[in-house]
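Dear colleague,

I am pleased to hand over the structure below for your consideration. A short account of what was found in it follows.

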Amino acid sequence: MNTQGKVFKYKDNVDTDVIIPARYLNTPVAAELALHCMEDIDKDFVKNVKEGDLIVAGWNFGCGSSREHAPLVIKTCGVSCVIAKSFARIFYRNAINIGLPILECEEAAEEISAGDEVSVNFDTGEINNKTTGKIYTAQPFPPFIQNIIKKGGLLASLKEADNE
Amino acid sequence: MGMTMTQKILAAHAGLDYVSEGQLISAKLDLVLGNDITTPVAVNEFEKAGFDKVFNKDSIAIVLDHFVPNKDIKAAEQSKTCRQFANCQCISHFYDVGKMGIEHALLPEQGVVTAGDCVIGADSHTCTYGALGAFSTGVGSTDMAAGMATGMAWFKVPSAIRFNLTGKLPYNCSGKDVILSIIGNIGVDGALYKSMEFSGDGVQNLSIDDRLCICNMAIEAGAKNGIFPVDEITQAYMTNRCERKPVVFEADKDAKYDKVYEIDLSKIKPTVSCPHLPENTRNAEELHDITIDQVVIGSCTNGRMEDMEAAYKILNGKTVAQNTRCIIIPATMQIYRDCIERGYVTAFIDAGAVVSTPTCGPCLGGYMGILAAGERCVSTTNRNFVGRMGHTESEVYLSSPFTAAASALTGFITEYKEVQ
Ligand code: SF4
């Protein structure tokens, strides 16, 4: 599986309150929530993001609340992958469970700039910065988690186990 | 090699004699929790995946606390989804308006969680119950849905950081000052993916309310869970309260820790987290030039009875500063009632504060105390991210109830000592 897109770059500790402010959480409808994705740190994100684009950020991406709405709005906006130096643990879990690809790679997260054109190969963990020509390799997921992603998320993987 | 307290609880729930750091396990759950924001998403996932029955109606707790009494029509729809699901599944621990409280204050108070439990909750502050010697951690709505369906969850066994506590807190400090100073020290990702295990002689000098507050904010250091050993104080708290029999786990003597921090409680100072990250801590006494518009005393961190006592001690017979709003929110109906019976509510109102029924309300910028651009609030809550309590140009300073109440009297950041 591959993806390619333009990079939106953010700093360390991007928290779930700026990914999707709690004031909008009175609805569970993803499309409605997604209109406010990142608005407290980047007013124009929703206007500028295109299908396939990537988010690149520093340490502890997604810290704060357990709201699954956070990876969900990022995915709904069309973002194909988030690359960060590290992820907050609940965000990491939620992203896997809802099927938003995420990769931890310190070097890539440090060096890739806003606006770069980047492609990612999820099977190998290869990140290719087409703008600079530099290639990075991220840790692939452990097999247990790969299985959840392959089955299309946690519940789908459970259902399948049920029927086996 | 020995296991940490957390690892022992996880091993027992995975049916294994031994687990080690990094191992992926599937563990049995004693309780699965959700609230009015996360449950509707979980219900949707649960139904979409084709499940029709929860694994055990007695092992699920649904608490309406974030936006109730309903703040608007959309919130009302979310509550309705929770109600319908709870009724249709005959969920025994369903807490609606009139019975509810902020989930992490309510469940320990009602004896729904107990020592030795393995708990997941679709709320990041589920780590609170570690105060009673349980493993509990926050997850998302999909995990909640899977937990409700199967009674199981997957975990990566965490390593741990140990905090060895000695001494006794000064009279003007509480558990909040301990955890804020720890986060100031190790940072908001200082315990990422790890357990924070508290131990040492100092533990006996911390009340259950202090321990609940400390574990509550473990997530603010990125931790998977926070946990205290079970001692006589815990046992006394759990007796005649907990529905299920407590099971006591202890860390092995030769358990391995990634790091050990020594913390002398007598050296803790009134601490404040400045905007916009909990790790931006300063001593309260250095912040006199910060004038404030609002004070909030409440939340799952500091809305318990001891917090109300602290507020009462400071506000009784005094008057909230002009141009400062003081909002006090007891965390559960029981605490609300106790505040009324003890005369606290009258004292708070006489001092010029408002007292609300239990709700998360302003803590997450929901309602009941939203800040305008440029406004500042001293709050006993747990997060001061950009826009957390309202406008993105507003500011939240996190503190203990002592510091918050004292600041309400002066209109700037003030510690208890200065208003005595
Ligand atoms: S009081 Fe605040 S932190 Fe606690 S559960 Fe409610 S919104 Fe979350």
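Which backbone oxygen does the side chain of Gln294(B) reach? In this predicted model, that side chain lies 2.9 Å from the backbone oxygen of Gly369(B). A polar contact of 3.2 Å also links the side chain of Gln294(B) to that of Arg325(B). Gln294(B) belongs to strand 14 of chain B, which spans residues 294-297. With a relative accessible area of 2%, Gln294(B) is buried. Beyond its neighbours within four places in sequence, its contacts include Ile327(B), Leu371(B), Cys377(B) and Met389(B).

Strand 14 also figures in the surroundings of helix 13 of chain B. This helix covers residues 401-410, and 9 of its 10 residues are buried, so the rest of the structure largely encloses it. Among the buried residues are Pro401(B), Phe402(B) and Leu409(B). The elements against which the buried residues of helix 13 pack include strand 12, helix 9 and helix 10 of chain B. At the N-terminal end, Ser400(B) acts as a cap, with a side-chain oxygen 3.3 Å from the backbone nitrogen of Phe402(B). Just past the helix, Gly411(B) adopts a positive phi of about 90°.

Turning to the ligand, it occupies the largest cavity. It is surrounded by 13 residues, of which His125(B), Cys300(B), Cys360(B), Cys363(B) and Asn382(B) are the closest. This shell comprises 5 nonpolar, 5 polar and 3 charged residues. Helix 4 (103-109) and helix 9 (299-302) of chain B each contribute at least two residues to the shell.

With kind regards

Terms used. Residues numbered from 1 in each chain as written. Chains lettered and ligands numbered in written order. Predicted model: local features only at pLDDT ≥ 70, side-chain atom pairs only at ≥ 80, totals over all residues. Heavy atoms only, no water. Helix = DSSP H or I, 4+ residues; strand = E, 2+ residues; numbered from the N terminus. Buried < 20%, exposed > 50% of the residue type's maximum accessible area, 1.4 Å probe, protein only. Polar contact = N/O pair within 3.5 Å; in protein donor to acceptor, adjacent residues only side chain to side chain. Contact = heavy atoms within 4.5 Å. Near = heavy atom within 4 Å. 1 Å grid on protein atoms, 1.4 Å probe; cavity = no way out; pocket = protein on both sides within 12 Å on 5 of 7 lines; lining within 4 Å. Sits in = over half its atoms within 2 Å of the grid points. Nonpolar A, V, L, I, M, F, W, Y, C, P; charged D, E, K, R; others polar.
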